[in-house]
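Q: I'm new to this structure and would like a close look at a single part of it. Could you pick out how two helices pack against each other and walk me through it?

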Amino acid sequence: MTTRVVLAEDSVLLRDGLVRLIGEGGFTVVAACPDAETFLAAVEEHRPELVVVDVRMPPTFTSEGIRAALDVRARHPRTAVMVLSQYVEEDYATELLAARTTGVGYLLKDRVADTRDFLASLREVADGGTVLDPEVVSQLLTRARNVDPLSRLTPREREVLGLMAEGRTNAAIAERLFIGEGAVEKNVSSIFSKLDLPPAEQDHRRVLAVLRWIERDTTKGQR
């Protein structure tokens, strides 16, 4: 049996070209869709082994395609997903890879130099492999290095951590913020979790959290 493919591409010329290329490569294109809505409907109807999706599609041409790919990933875990785009959507690309790195690919259209390599990439993804354009990998790694872990904190948690950095106890923080000590403890626990500080001696984690806060302020001051 050949691998059945549902394609989502809004450009009619590129869509027709991909249908012909993918078909000649030994796949069976069961549907070629111009937008995310018809693409998702086609996936539900045909239950393909592989989908090939553009990132930016009608009506807003922002992220409809890759959000549809995430939907397919969630609803049909056995369906392989190949994202083929001109852009690296870092947030969605990270989410696409977060839960499962098998049967997934992300290639940039302008960097596909050989149709045989492209078809080989489709086969690898359909067989459960992972194919990522080096530029996609580079951008995701750069993003990971630049992410500030403190950005995960809520405004209240940032207040609590700032007061922790001043050396205040939970009781003193509660008094300063006019909240109960129980609420402070919940915020502190959430801070530890969001800063990836595993369970250990309480004072030790508290010191590490404060150091993260101080490091952030020092880095900002050097810019």
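A: Here is a walk through one helix pair, followed by a short look at the cores and one ring.

Keep in mind that this is a predicted model. The pair to look at is helix H7 (residues 155-165) and helix H9 (residues 181-194), whose axes come within 9 Å and cross at roughly 95 degrees. An angle of 65 to 115 degrees counts as roughly perpendicular, so that is how H7 and H9 sit relative to each other.

Who does the touching? On the H7 side, the contact is made by Arg-156, Glu-157, Val-160, Leu-161 and Met-164. H9 brings Asn-187, Val-188, Ser-190, Ile-191, Phe-192 and Lys-194.

Now zoom in on Asn-187, which has its place in helix H9. Leaving aside residues up to four places away in sequence, Asn-187 touches Arg-156, Glu-157 and Val-160. Its relative accessibility is 14%, and since buried means under 20%, Asn-187 counts as buried.

Stepping back, the largest nonpolar core has 28 residues, and Val-6, Phe-39, Val-51, Val-83 and Tyr-106 touch the most other members. Helix H3 (residues 64-75) gives the most to this core, with five residues. Apart from that one lies another core, of 18 residues, and Leu-161, from the H7 contact, is among them, along with Leu-163, Ala-174 and Ala-209.

What about rings? A search of the whole structure turns up zero aromatic pairs, but Arg-56 does lie over the face of Tyr-87, at 3.6 Å from the ring centre.

How values were computed
Residues numbered from 1 in each chain as written. Predicted model: local features only at pLDDT ≥ 70, side-chain atom pairs only at ≥ 80, totals over all residues. Heavy atoms only, no water. Phe/Tyr/Trp six-rings, centres within 6.5 Å; stacked < 30°, edge-to-face > 60°. Lys NZ or Arg CZ within 6 Å of the ring centre and 35° of its normal. Core = buried A, V, L, I, M, F, W, Y, C linked by side-chain atoms within 4.5 Å. Buried < 20%, exposed > 50% of the residue type's maximum accessible area, 1.4 Å probe, protein only. Helix = DSSP H or I, 4+ residues; strand = E, 2+ residues; numbered from the N terminus. Axes fitted to C-alpha atoms, helices over the stretch in contact; angles between N-to-C directions. Parallel < 35°, antiparallel > 145°, perpendicular 65-115°, else oblique. Contact = heavy atoms within 4.5 Å.
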